[in-house]
Structures are given as C-alpha cells and as structure tokens.
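Me: Could you walk me through the charged pairs in this protein, step by step?

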Amino acid sequence: MLLFCIYAQGQTFGWAHDGTSTSDMESQDIVTMNDESYIAGGNFEGSFSLNGITQSSTGEKDFFLCRYDSSGTFIWARTYGGTEDVEVTGLSAGPNNTVYACGVFEEDAVIDSITLTNSDDDNGFIARLNDQ
C-alpha cells in the first residue's frame, strides 16, 4: 500500500491518499512544484490503482509519477517501464514546473517515446518531465 499525505498547520494531516498494488509498491520521493502542487514517484510490480486509475507494469518492476494540487486534488498518474526493472530513485523540481527523475534500469526502458538501451547489468538514467 502506498500513502501520500501533507501536513497542515497545527500538526494534523490536511489530506492523505493511498494506492494499492497486486504485488510490491514503494514510494521513493516527493517534490513541491513552483505552483505548490506535488509530484510523487515510486516503483511497482504487477498493477496498481491510484485514485480510481489502474495501470499495469510492462515488465518486471516499473515506476510511476503522480501529481496532486496544493489542496490534495488528484491531477494525473503516469507509468514508465521496460522489459525488466525500471526504477525511479529520486526526483527534483526545476524551473517552470519541470521535474527531473533519476533511477536505474535493466534491459531496455521506455520513458514516453524515448527508448534507453542497456549495454550491461544495471544502467542509470535521468529524465526531464515537462510541465503538464
């Protein structure tokens, strides 16, 4: 199970969201964007459901990104994967609501329409997600 939450004043939770998976699911990172929305990322196997949207992995382990506005309203979720493991290990917010993701992959990976080719065991990646 996956849980996202944010603190509101007075040390109480302002909102919380969970996700479920048919296998393993783990949160890795969360970043605050310029517009005060949040993007969270993590890894999953099998399929996962988040805010009524179910997505399936294309290989072994894939990664996901999801976005919420500052009040906790769900905006979108996306998944990225390959033939084997493709895992996000970190996120960073850039200017103009740009997000950078880094991680590792085995075999080949596809991030949107970009194919990353693996020449050995584990390889690293960095990717930029434009404002959406």
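Here are some short questions with their answers.

Reply: Happy to help! This is a predicted model, where local features need pLDDT of at least 70, side-chain atom pairs count only at pLDDT 80 or more, and totals for chains, interfaces and linings use all residues. Residues are numbered from 1 along each chain as its sequence is written, and side-chain values use heavy atoms, with hydrogens and water left out.

Me: How many salt bridges does the structure hold?

Reply: A salt bridge is a side-chain nitrogen of Lys or Arg within 4 Å of a carboxyl oxygen of Asp or Glu. By that rule, the number of salt bridges in the structure is three.

Me: Which residues are linked with Lys61 in a network of salt bridges?

Reply: Glu26 and Lys61 meet through their side chains at 4.0 Å, N to O. Glu87 also forms a salt bridge with Lys61, with the closest N and O atoms 4.0 Å apart. The residues that share a network with Lys61 are therefore Glu26 and Glu87.

Me: Is Arg67 buried or exposed?

Reply: Buried means under 20% relative accessible area, exposed over 50%, and partly exposed in between (1.4 Å probe, protein chains only). Arg67 forms a salt bridge with Asp35 (3.1 Å, N to O), and Asp35 is partly exposed at 43%. Arg67 has a relative accessibility of 3%, so Arg67 counts as buried.

Me: Is Ser119 buried or exposed?

Reply: The C-alpha atoms of Ser119 and Cys66 are separated by 30 Å. Ser119 has a relative accessible area of 70%, so Ser119 is exposed.
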